[in-house]
Amino acid sequence: MNVINVTSKNRQEAIEKIIALGGEGIVRCIQCGACASVCPLARTGFTLNCKKLIRLIQTGHWEEMIEDPSTWACVACNRCTEVCPRDVKPSEIIFAYRRFQAMELAISTSATMSQMNLYMKGHAVFSEAAQLRQKVGLPPLPPTTLSDEKALKEVQTLLENSPMAELGLF
Amino acid sequence: MVQVSTNPNIQLLTYSEVEEVSGFVGNFQVKVRKKQAWVDWEKCTGCGECTEKCPVKVPNEFNAGLDHRGAVYIQFPQAVPKKAVIDINNCINCAGRKFGTEPRISKRTGKPILAPCERACPAGAINRSLPLSPEGEVLELKVGTIIVATGFKVMEKDWFKEYAPQHPDVITALQLERLMSATGPTGGKILRPSNQKKPKVISFISCVGSRDAKYHTYCSRVCCMYMIKQARIIKEKYPDIEIYMHFMDVRTPGKDYDEYYTAAIEKGITFLRGKPGGIEVLPDGRLRVMGYDANLDKDIEVDADLVVLATAMEVPEDIKQLAQKLSLSLDASGFFKELHPKLKPVETAVEGVFLAGCCQGPKDIPDTVSQAKGAAAAAAVPLAQGKVTIEPTISEVDPQRCSGCGLCVPLCPYHAISLREYQGKLRAKIEFTQCKGCGVCAAACPSKAIILHGFTDEQIEAQVEALTSCW
Amino acid sequence: MEKIGLFLGCNIPLKAPDIEQSIRKVFPALGVEIVDLVGASCCPAWGTAPSFDIDTWLALSIRNIVLAEEQGVDLMTGCNSCFGVLSEAKHLVDHHPEKRKVVEQKLALIEKQYKGTAQVYHVMHVLYKEIGLDRIAEKVKYTLKQLRVAVQTGCHLLWPSEVMQVKEQNPFYPTMLKELCEALGADAPHYSKLESCCGMGAMRSTDQEKSLSLAKEKLLCMKEEIDPDMIVTTCSSCYLQFDGAQKIFRDRGEIDFSIPVFYYTQLLALCMGFDPSEVAALSQTPREEIISRIQSKARMVKED
Ligand code: SF4
Ligand code: SF4
């Protein structure tokens, strides 16, 4: 049957989990839809958007959406947060759910690459740019972690001392 | 209102402000300032000749800023009493006719040169030579009970930045009401303010500023019904206008209300559940409402010619001052607080002061009428009986112990305490009809001269003992 | 403001270094010295630490802000994403003492200290608020009179307005970039999707087609409504999206026009007479033609 038995779902648990991951506003959402009306995810037809994700969690869904990549398409534009009449901060709910997905490694390969780059180079978006830079009259390396070993070590220390380290991404 | 104005037992004071209230139930003294109208109301017949001659243009408050009025104006055609006033801050004193100055004499005709308003008045009600006081006149009234019914205002559209408030075709529902009125700026024709053309598509947005943590968390209660009313009237008059109504929820809990709503659906008005998050301004000046249909779980767009925002009801800014004058308290949303939400809905913490209408909370006309009749009846009871029942748990001063320090006088939130002469000395005296038994004075009195009946030290100690003893 | 710390991020120094060069050229010429935040890292991007662990995100962001503090300057970035990540991090840490404590503990591991003295600004804010339209207009050597631009402010400069040091009067109807373009002589009319998202960032890497659909919707809106001579943006991601996506659409035969795209300081640098081979040299959508039109004798309003 294509029916959800809501009483059998543990709504409290799902809500507590999302709050622990940074989505405390979820309890205030009244499902008015203002966020979804301006959300790029909704406009382009992703299976999830801020409002829908919130509803799923409010009704006790948790594991079901773990493989859904929609949350990873959120551009963090925060337009939802600006228009929400209940101070839910819907983008924070998207990110909170992402954290659950991330810590379960339900992420794409491109996302994995970014974490590796962040650790190895200090830059999540990395490409060899020496030629381009010199072409416009700049030194081959920018004055960032790319040309400062001590600084890179600092970034690595912060990453090594974080829950991210346990995921074996870098 | 006309009936009120002609009733011999009712004195109507319009264009007036309450300045000060003192005394207590049965014996209130109220100072009322009758504002200076600058027009002699004994003579003014409300013909409106003066208003047509005034060269000044000020946004017309009564038409929600959609058109202009002069500096001399009659607030609206059905005003009671129908009398003109001069808005002195905007009056430019034509012909140098400041009030209290003599007119110049025309060399040509030898007659005085008058301002257009005084020249226009056939009744001679405007005489700018008179040195009228800008302060108006203060009346002192003695009244037994008071009903507060100061009403509400609606939020302006400028708060709602996501809804293109800079655009003239985004209007508040109150402005639409004026556009629909036969006495409004368009004579009852629905025209877009930007180009005075009839709109083909109208979008309504509900809960604008109501149910919103940024503005007001309460529901304004009347918007759903008046929007449906406006939509139905427009649809009946102009069946070709398409109407879309964006709702968070449709709330129609009243006798025959839901039937009114469902009939609107049958009449072809489209209801969309979901709060729009924005409006895009299209190059031709039309407005694209960025909506969301919660039932379809899909973003939707409506290209509208006119967008109507049902902005929240709220209290007027000066409600706090009035509350102070009356010693009334306000609730978390800023409305006057009733004594008990269920059992004392028209009474207040001040004996003899009653509430009616939206100053106590948003409500529609039937509810307001019911509450007003309740308040009127409740206010009449003490007047008819000539006496009131008071609570036994109130405070009393023992004048023998009181040192007359006066510490308690300013502390009392109900202004019940004053210093009176007692055996040749000043002693505190609590007016028992005003005392609410809060106990602030009893706790503060350094001489322990005040007892709060029912809560004497002995009684409280006995209670503590009973609660803490083992059995 | 005499000096400001330039936070580079990733996209600007590694994908569009001509934007970096344009920033390095225009600010000193307008009287604000650029200080490098040596050893800065990624902000970190939304898809990295902020998507895994809040405290790690905050520590990495605050470390970058501390680099400015240590030099006694405020921080300025040209990338909207960096601006969003850093200002939100700072807002969180400054408003939640318990978060501040966690961050301080983490920073102690690398012997850094957060004082909270440096503000986070975007390039646009510094140009608009600190330098001002008049000073910019004074420095214009080539005017953009009779050229029409489509402005693209970019989401992270608009929302959430709560965390911004410098705010638009109406974030849904932004005017700062419009006024900055007008200061160069250009015409910058409104178009209906002015404040909408370009689709870049996480959406581009998650679902390229959906991301491109947003870019295309916006591009067509600009073309149909105002037919601009160029697109001007204050966001490096929007820049990369509009520049790159147009090439894709043209290659696929989906569009038959081409609108040059500039980051604002690139255009400003051109108007100030800087060498295009340094400040506007790398793009997928051709810009040579419009650049030579801008830096032409006919447009010159001031000799060197
Ligand atoms: S705007 Fe806020 S209250 Fe409305 S559906 Fe979205 S998160 Fe919920
Ligand atoms: S921040 Fe994410 S969820 Fe919110 S509107 Fe933007 S894309 Fe949608």
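1. Which residues surround ligand 2? In this predicted model, ligand 2 is enclosed by residues of chain A, namely Cys39(A), Pro40(A), Cys50(A), Cys74(A), Val75(A), Ala76(A), Cys77(A), Asn78(A), Cys80(A), Ser91(A) and Ile94(A). Sorted by class, that shell holds 9 nonpolar and 2 polar residues, with no charged residues among its members; for a reader going through the list, cysteine is counted here as nonpolar.

2. Ligand 1 has a shell of 14 residues, and those that come nearest to the ligand are Cys29(A), Cys32(A), Gly33(A), Cys35(A) and Cys84(A). The shell around ligand 1 comprises 10 nonpolar, 2 polar and 2 charged residues, whereas the shell around ligand 2 has no charged residues. As for secondary structure, α2 (34-38) and α4 (50-58) of chain A each contribute at least two residues to the surroundings of ligand 1.

3. Chain A itself is assigned two domains, with domain 1 covering 8-103 and domain 2 covering 109-165. Taken over C-alpha atoms, the centres of domain 1 of chain A and domain 2 of chain A lie 31 Å apart.

4. For chain B, the domain assignment gives three segments: domain 1 (2-146), domain 2 (153-314) and domain 3 (395-469). The centres of domain 1 of chain B and domain 2 of chain B, again over C-alpha atoms, are separated by 36 Å, and where these two domains touch, 7 residues of domain 1 of chain B are in contact with 7 residues of domain 2 of chain B.

5. Chain C contains 14 helices and 7 strands. Its radius of gyration is 19 Å, close to the 19 Å that the globule rule gives for 304 residues, and chain C is therefore as compact as a globular protein of that length. The C-alpha trace of chain C extends over about 60 × 45 × 35 Å along its principal axes.

6. How much of chain C is buried? Of the 304 residues in chain C, 65% are buried, the cut-off for this being under 20% relative accessible area. The surface that chain C exposes amounts to about 10,400 Å², of which carbon and sulfur atoms supply 46%.

7. A last point concerns how the contacts of chain C are distributed along its sequence. When contacts between residues at least 6 apart in sequence are considered, 79% of them join residues that are at least 24 apart.

Key. Residues are numbered from 1 along each chain as its sequence is written. Chains are lettered from A and ligands numbered from 1 in the order in which they are written. This is a predicted model: local features need pLDDT of at least 70, side-chain atom pairs count only at pLDDT 80 or more; totals for chains, interfaces and linings use all residues. Side-chain values use heavy atoms; hydrogens and water are left out. Domain bounds come from an automatic or database domain assignment. A residue is near a molecule or strand if one of its heavy atoms lies within 4 Å of it. Helices (H or I, at least four residues) and strands (E, at least two) are DSSP runs, numbered from the N terminus. The radius of gyration is taken over C-alpha atoms; the globule rule is 2.2 Å times the number of residues to the power 0.38. Buried means under 20% relative accessible area, exposed over 50%, partly exposed in between (1.4 Å probe, protein chains only). Contact means heavy atoms within 4.5 Å. Accessible areas come from the Shrake-Rupley method with a 1.4 Å probe; for residues, only the protein chains shown count as cover.
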